[in-house]
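Student: I should like a close look at a single strand and its surroundings in this model. Please describe the part in one connected account.

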Amino acid sequence: MTHLKFYRNPANFHRYYRNQEENGCDYTPSANVQENEDNFKLEIAVPGYSKKDFRIDLEKDLLTISSEKEENKENENMTYTRREFGYGNFCRSFTLPETIDSENIKADYKNGILSITLPKKEEVKIKKEIKIA
């Protein structure tokens, strides 16, 4: 089984968050990674955004998902007794294995979840049983 590498391991903690601050990222959204025989599916919880708010970049084997969303200032005269909603800039990076078919990566945003399908290359999917003679 091949794994996607997250930039959340303790060895990279300070470097990752320093780079995150330098890039103007306010927070890191939560992610789930699923794997089946044909692909990986990366799901990122980012409610309150629209699909035009996201940027997905692939540079060599590094997949970076980011967003720059301005705070809604329509109601500047509104007084809140409590305000917990907030939308800020985020970025999240994943190191992809060599087995990913980078030409066929697809993304979809629905119900606050950004889903990215990372298909495996055909030669990786070939699985056969070898019988002993």
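Tutor: The account below follows one strand, its pairing partners and two residues at its end and beyond.

This is a predicted model, in which local features need pLDDT of at least 70 and side-chain atom pairs count only at pLDDT 80 or more, while totals for chains, interfaces and linings use all residues. Residues are numbered from 1 along each chain as its sequence is written, and side-chain values use heavy atoms, with hydrogens and water left out.

The strand in question is E5, residues 62–67; strands here are DSSP runs of E with at least two residues, numbered from the N terminus. Of the 6 residues of E5, 5 are buried, so the strand is largely enclosed by the rest of the structure. Buried means under 20% relative accessible area, computed with a 1.4 Å probe on protein chains only.

Strands of a sheet pair through backbone hydrogen bonds, either parallel or antiparallel. Two strands count as paired if DSSP finds at least two bridges between them. Strand E4 (residues 54–59) runs antiparallel to E5 and is joined to it by 6 bridges. Within this pairing, Ile-56 stands opposite Ile-65 in E5. The hairpin of E4 and E5 has 2 residues between the strands, and Lys-60 takes a positive phi near 55 degrees there. E5 also pairs with E6 in the antiparallel sense, again over 6 bridges. Strand E6 spans residues 90–95, and its Phe-90 stands opposite Ser-67.

Ser-67 lies in E5 and is buried, with a relative accessible area of 2%. Its side chain reaches the backbone oxygen of Asp-53 at 2.8 Å; a polar contact is a pair of N or O atoms within 3.5 Å, where within protein one must be able to donate a hydrogen and the other to accept it, and residues adjacent in sequence count only if both atoms are side-chain atoms. Not counting residues up to four places away in sequence, Ser-67 touches Tyr-49, Asp-53, Phe-54, Gly-88, Asn-89 and Phe-90, contact meaning heavy atoms within 4.5 Å.

Lys-69 lies in the loop between E5 and E6. Leaving aside neighbours within four places in sequence, Lys-69 is in contact with Gly-48, Tyr-49, Asp-53, Tyr-87, Gly-88 and Asn-89. Tyr-49, Asp-53, Gly-88 and Asn-89 thus appear among the contacts of both Ser-67 and Lys-69. Lys-69 and Gly-86 are 17 residues apart in sequence, and their C-alpha atoms are 9.9 Å apart in space.

Note on methods. Helices (H or I, at least four residues) and strands (E, at least two) are DSSP runs, numbered from the N terminus. Buried means under 20% relative accessible area, exposed over 50%, partly exposed in between (1.4 Å probe, protein chains only).
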